[in-house]
Amino acid sequence: MKSVSRLLPACLSVWFLVACDVPSPGEATPAPVLVTQDFADGTDGSHSQGKQLHGTPHGSVAFSDASILRSGERRGVTLELDRGELVADLALHVEGTTPSLVGCASPNETGPDRSCGLTVLGQGTCTPGARFTLSSGALCQTRPPGSCQGAPVMRVCSGERPCEDKDANHLVTGAPICASSTCPSANVQCPASGVYTVLAGPYTPGTPWSLTLGASRGEFPATHQELRGDRLVGLMMRSASGLPMLEVTAAINAQDVVIQESPGTWDPSGYTYLYRVKSLGAQPLGNICNSNPNPNGGDALVVPVRGLYDNLGERTESSTAFTLACEYAVIAKCYRWGYKPWLDGVQAGKTTEAHWACTRMARADYCGAGQYYTEDGTPIRLWDGMKPPINAAPANPIPQQSMSFEAGWTTDGAVCLSHWRWKNLDANTCTNLHWPKYDANGNVINDCQATGGAEGCSAICDNADDAERLYGAKVFNESASNGPNAGMP
């Protein structure tokens, strides 16, 4: 698959999931194996954080009221999230009719190639290009799935439209696989649509027959088709606020998106897709991620993330909508840094909590009120207290960047502070956070832990151990104490 190169800031580390072969539709997906990824040689160990939460005003999208273009017709689908990938569920139907579905005028019209006296036995789904067997249980040396009575005939058509024997969408006609059986089977190459329609009937019209088929791969019979990956190009979705409608114009597996940080791809797990999405109804129609602070960042992609974030940075679980986050915004960055909410399974848990806390940390949202106190591109180093950690504590300091411990974080913002990330952007609305004050002997005199909670004291921590033990912090970071005139990295 073609790789897509993205210019992103060098950063500390991410962990990834080791994935095996991609399963066929209907097959179980293997459980991921968590692996901590080391930093690439030569990196300075820092992440580049930002000010934006979603990166777009269209960050909340409904699971319902979506549609996909199929054979020139726009048809409704229901969306769901499978880990970090959008999946659309399309209800199958039989498109139109054909002479073979009309009764035969004469009993002499027999055989599998006739143009009358057949019925739609069912529809199936498969992986485009893959070969599989449709079997009716021939009593030969083996007993494949399915069964039959009488001498039925079978015709397999590409897509949802029934076909005649000479039609372009005719794939194959079934035949017995051995001389001792009258039950038809067929070796089929899955069409590009991933859907096929099976017609069947008695060899001689009016005679008793039955036919039950089984597929060696994919699903038969099927009532719905699962659409994912680049088959979602053209998908239209509704913003959770109602308007505008959004359209997917590209879908790329994140393991094929090249970045500069270790391990060199956006997400090597194989379970995350990035999408290019435009809004409809605006003039001109444009990418919903149009506020990239990096002027050379290119046409930004979005990642789907479980849950919803409001303007205050508060997160809620939702069964009706999900988040689309632009890759330059902190919801997407924290996902890329390893905090993927789907790792918790069905119920939100510690990874979801760490992702939420990371969004507070990445924006320097000290007060947990949705207000950032930083500048785009400011370098930070982050780690967490999970066991095992997703991002391990940094082993070495970065003297050239003068980084030191900044704060401990939870979903409510910073719970304790060592210094502001930007001296001129102090969060003066946080009543419990202030710079450490020192006496003539170098002792901190406004630490609430030391003063017994005296008026005007501050929640001060100089390391992750204190932040976790005393204040319950989940995520930690180092940064420089940048001045108002400090140059951007």
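Two strands pair if DSSP finds at least two bridges between them. Helices (H or I, at least four residues) and strands (E, at least two) are DSSP runs, numbered from the N terminus. The model is predicted, so local features need pLDDT of at least 70 and side-chain atom pairs count only at pLDDT 80 or more, while totals for chains, interfaces and linings use all residues. Residues are numbered from 1 along each chain as its sequence is written, and side-chain values use heavy atoms, with hydrogens and water left out.

**Exercise 1. Strand pairing**

Task: Determine which strands pair with β10, and in what sense.

Solution.
1. Strand β10 covers residues 131-135 and is joined by four bridges to β15, residues 184-189; the two run antiparallel.
2. Within this pairing, F132 stands opposite V188 of β15.
3. β10 also pairs with β17 (residues 210-215), in the antiparallel sense and over two bridges.
4. Here S135 faces G214 of β17 as its opposite residue.

**Exercise 2. The two sides of helix α4**

Task: Establish which residues of α4 are buried and which are exposed.

Solution.
1. Buried means under 20% relative accessible area, exposed over 50%, and partly exposed in between (1.4 Å probe, protein chains only).
2. In α4, which spans residues 464-471, the residues A464, A467 and Y471 are buried.
3. Viewed down the axis of α4, these buried residues fall within an arc of 85° (taken from the directions from the helix axis to the C-beta atoms), so they line one face of the helix.
4. An α-helix has 3.6 residues a turn, so residues three or four places apart point the same way.
5. D465 and R469, on the other side of α4, are exposed.
6. The cover over the buried residues, judged by contact (heavy atoms within 4.5 Å), includes β28 (379-384), β29 (404-410), β30 (413-417), α3 (448-451) and β31 (475-479).
7. At the start of α4, a side-chain oxygen of N463 comes to within 3.2 Å of the backbone nitrogen of D465. Just after the helix, G472 adopts a positive phi of about 75°.

**Exercise 3. Aromatic pairs**

Task: Classify the ring pairs Y196 with F220 and Y366 with W409, and locate their residues.

Solution.
1. Rings of Phe, Tyr and Trp (its six-membered ring) pair if their centres lie within 6.5 Å; planes under 30 degrees apart count as stacked, over 60 as edge-to-face and the rest as tilted.
2. The whole structure contains 11 aromatic pairs.
3. For Y196 and F220, the ring centres are 6.0 Å apart and the planes are at 10°, so the pair is stacked.
4. Y196 belongs to β16 (residues 195-202) and F220 to the loop between β17 and β18 (224-228), so the pair ties together parts 24 residues apart in sequence.
5. Y196 is buried, at a relative accessible area of 0%, and F220 counts as buried at 13% relative accessibility.
6. For Y366 and W409, centres 5.4 Å apart and planes at 25° make the pair stacked.
7. Y366 lies in the loop between α2 (350-362) and β28, and W409 in strand β29, so this pair ties together parts 43 residues apart in sequence.
8. Y366 is buried at 1% relative accessibility, and W409 is buried with a relative accessible area of 0%.
9. Y366 and W409 form one aromatic cluster with Y373 and W420.

**Exercise 4. A loop residue**

Task: Describe the setting of I390.

Solution.
1. I390 is found in the loop between β28 and β29.
2. I390 is buried, with a relative accessible area of 6%.
3. The C-alpha atoms of I390 and T351 are separated by 8.8 Å, although these residues are 39 apart along the chain.

Note on methods: Polar contact = N/O pair within 3.5 Å; in protein donor to acceptor, adjacent residues only side chain to side chain.
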